[in-house]
Amino acid sequence: LPGRGSAPGPAAKAAAPPTPNSFTWWYVDSKGKAVTFRNDAECIGGSGQEQFRVCILHSSGRMEKAFLPDVKAPPRCPERG
């Protein structure tokens, strides 16, 4: 059929922009306060499924709040400032 497959589907339109190369991040505790150590961060999930709350500041100024899986979460966040 003519034109079939030429338009992107809904998934292509909803794709998030690529992660910028320049950003800073830190752990956040359950009260929303920045903390240095993973063990002080808010944690969700059961044993082996832990995720730690982080705040990510992109070079564009965009602030993102997320949970980082245990396998990607170092014991402490990088030095800020």
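Select Glu64 and Arg62 to begin: their side chains meet in a salt bridge at 3.2 Å, N to O, a salt bridge being a side-chain nitrogen of Lys or Arg within 4 Å of a carboxyl oxygen of Asp or Glu. Glu64 is partly exposed at a relative accessible area of 26%, and Arg62 is partly exposed at 42%, where buried means under 20% relative accessible area, exposed over 50%, and partly exposed in between, with a 1.4 Å probe and protein chains only. This is a predicted model, in which local features need pLDDT of at least 70 and side-chain atom pairs count only at pLDDT 80 or more, while totals for chains, interfaces and linings use all residues. Residues are numbered from 1 along each chain as its sequence is written, and side-chain values use heavy atoms, with hydrogens and water left out.

The structure holds four salt bridges, and the next one to select is Glu42 with Arg53, whose side chains meet at 3.0 Å, N to O. This pair links distant parts of the chain, with Glu42 in the loop between β2 and β3 and Arg53 in strand β4, eleven residues apart; strands (E, at least two residues) are DSSP runs numbered from the N terminus. Glu42 counts as partly exposed at 23% relative accessibility, whereas Arg53, at 18%, counts as buried.

Now select Arg38 and Asp70, another salt bridge, at 3.6 Å, N to O. Here Arg38 lies in the loop between β2 (34–35) and β3 (43–44), and Asp70 in the segment after β5 (63–69), 32 residues apart. Keep Arg38 selected and add Phe52, since Arg38 also lies over the face of Phe52, at 5.6 Å from the ring centre; the criterion is NZ of Lys or CZ of Arg within 6 Å of the ring centre and within 35 degrees of the ring normal.

Move next to Trp25 and Tyr27, both of which are buried. They form an edge-to-face aromatic pair, 5.1 Å centre to centre with 85° between the planes (ring centres of Phe, Tyr and Trp, the last by its six-membered ring, within 6.5 Å; planes under 30 degrees apart are stacked, over 60 edge-to-face, the rest tilted).

Finally, show the largest nonpolar core, which has 13 residues, and in which Trp25, Tyr27 and Val54 have the most contacts; such a core is a set of buried Ala, Val, Leu, Ile, Met, Phe, Trp, Tyr and Cys residues joined through side-chain atoms within 4.5 Å. Strands β1 (23–28) and β4 (51–58) each supply at least two residues of this core.

Conventions. Helices (H or I, at least four residues) and strands (E, at least two) are DSSP runs, numbered from the N terminus.
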